[in-house]
Amino acid sequence: MPALESTADVSVIGLGRVGLPLALSFADRGLQVVGVDNDSTRLSSVRDGTMPFQEAGAQELLDRVHSDPTHPLSLSERVADAARARHIVITLGTPSFSHIEIDMRDIRSALDDLLGVLAPGHSLILRSTVAPGTTDFVAGYLAKHRDFDIGEDVFVAHAPERIAAGRFLEEIDTLPCIIGGVGARSGEVVAELFGAFRAPIVQTTPVQAELAKIWANILRYTNFALPNLLMMDCERFSANVFDVIDLINRDYPRGGIAQPGLTAGTCLRKDFAFSEERSHAPGMLLAVSRVNESVPLFLVEGIERRLGSLSGRKVAVLGLAFKADTDDERDSLAHKLIRLLERELADVAVHDPHVPTPTASLEQAIDSADAVVMAADHSEFRDPRTLAAIAERAHPDCLVVDPWNCWGAAQVFAYASELAALGAVG
Ligand SMILES: NC(=O)c1ccc[n+]([C@@H]2O[C@H](COP(=O)([O-])OP(=O)(O)OC[C@H]3O[C@@H](n4cnc5c(N)ncnc54)[C@H](O)[C@@H]3O)[C@@H](O)[C@H]2O)c1
């Protein structure tokens, strides 16, 4: 087999929310990087020096990499070009089929594109979130089709991305970097690459790295399902969920229940399925998912219980992103909420200051609204002036639905006039 002649240090395949900040961070640490993506619009945006999505500090980082005279980042639409670098990091999307099974089509397609160009000395690193056993599958696939001795001449590892959106640049240097290498030397070779960052490196087996990543997300998804279920129970018993949560947590050493909200997003909504696909206790995590998925319907029914039919009534939905202060709408429950409201024949107006989808202005959305739903807890919304604007511009009997407790009023359903009387308004 011809030996590896690399002209770059690392390639990153998939310049999405994980891959692009990672590629820029490697380039910023002095590595020669090849960035690969099959979306030509995305590549043009990066080439032109414009971040295609929001990530705190990433535009400044892109500016710095762009102006570096050594041109540390080159871009390509061809996966095979990734083989110009010694290390190849895969940051492609890994959705879940509705069959409760990982959808690995992008990873399989990248592997097939790489098969013919891999050479001894290459390392292939799965940074995407994957179902347990996927890293061993990738190693087996390369061994089967190219006869490589994995861990001796070609290296394969899982190094899961554990960073939260919006915190990439801070956490890349602080969160322990888990590396699960296949065979004798993969872990040590891949650790050389991630040594570019200051974060501690923790070596483990591939399957333990996979389980640690998905179970961290399962823990979060479940943690949020509990207060969401409690919120629904409280409505049934005419209790106040925020009071009950305070009673649970206040000065109680074994408390710690989280706050309710619209729990979703591209990772939490699908990563549990990577455990569920082979679970010996099938159903538990599906129930967790069902709780979180039913929050939009719970909110719509709560509005109807108070206002009656929504047909022809104006409902403002504030927030399309799945979490505060991000422009990421993928798998946000706000979209489901809007669809459910529309099925009740409500006139829905939407405002979100962050997302790329065009939305109405805050004033247009809330003017004469019969109900306003806080679907995200963006900083702008938490500003008491937003509540003041609702009290001033919406219908005098406007119902405000705030599972996030944006203004500390501690009411999931309350009339704007009540909130004003509670002194929550500016
Ligand atoms: N977004 C997060 O906050 C986050 C956090 C931790 C882990 N993850 C995991 O990281 C992985 C990537 O997530 P993401 O949010 O960055 O996804 P993304 O959809 O933002 O990025 C994927 C990128 O790959 C490109 N792409 C798709 N198919 C391709 C192909 N065949 N060849 C080349 N490019 C291709 C797309 O154009 C896109 O730019 C997923 O497994 C996800 O679960 C995401």
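The shell around the ligand is made up of six nonpolar, nine polar and nine charged residues. This picture comes from a predicted model. Besides the ligand site, the structure offers two open sheets to explore: one has eight strands, and another has five.

**Around the ligand**

- Among the 24 residues that surround the ligand, the nearest are V18, D37, T94, K270 and R330.
- T94 reaches the ligand with its side chain: one of its polar side-chain atoms sits 2.5 Å from a ligand oxygen atom.
- V18 uses its backbone instead, with an N or O atom placed 2.9 Å from an oxygen atom of the ligand.
- R17 also takes part through a backbone N or O atom, which lies 3.1 Å from an oxygen atom of the ligand.
- On its own the ligand would expose 830 Å², and the protein buries 86% of that area.

**The sheet of eight strands**

- If you trace this open sheet from one side to the other, the strands come in the order 3-2-1-4-7-8-9-10, and their pairing is mixed.
- At the edges you will find strand 3 (73–76) and strand 10 (201–204), each of which pairs on one side only.
- On average, neighbouring strands in this sheet are turned by 25° against each other, ignoring direction.
- Strand 9 (residues 177–181) pairs with strand 10 in the parallel sense, and four bridges connect the two.
- For a concrete example, look at C177, whose bridge partner in strand 10 is I201.
- Helix 7 (residues 186–194) lies across six strands of the model: strand 1 (8–13), strand 4 (85–90), strand 7 (123–126), strand 8 (155–158), strand 9 and strand 10.
- The direction of helix 7 is at about 150° to strand 9.

**The sheet of five strands**

- Here the order is 12-11-13-14-15, and this open sheet also has mixed pairing.
- Strand 12 (347–351) and strand 15 (413–415) are the edge strands; each has a single partner strand, so one side of each has no neighbour in the sheet.
- Neighbouring strands of this sheet are turned against each other by 20° on average, again with direction ignored.
- Strand 11 (residues 314–318) runs parallel to strand 12, and five bridges join them.
- One residue to find is V317, which has V350 in strand 12 as its bridge partner.
- Helix 12 (residues 295–307) lies across strand 13 (371–374), strand 14 (399–401) and strand 15.
- Relative to strand 15, helix 12 runs at about 40°.

How values were computed
Residues numbered from 1 in each chain as written. Predicted model: local features only at pLDDT ≥ 70, side-chain atom pairs only at ≥ 80, totals over all residues. Heavy atoms only, no water. Near = heavy atom within 4 Å. Polar contact = N/O pair within 3.5 Å; in protein donor to acceptor, adjacent residues only side chain to side chain. Areas by Shrake-Rupley, 256 points an atom, 1.4 Å probe, with all protein chains shown as cover. Nonpolar A, V, L, I, M, F, W, Y, C, P; charged D, E, K, R; others polar. Pairing = 2+ DSSP bridges. Axes fitted to C-alpha atoms, helices over the stretch in contact; angles between N-to-C directions. Contact = heavy atoms within 4.5 Å.
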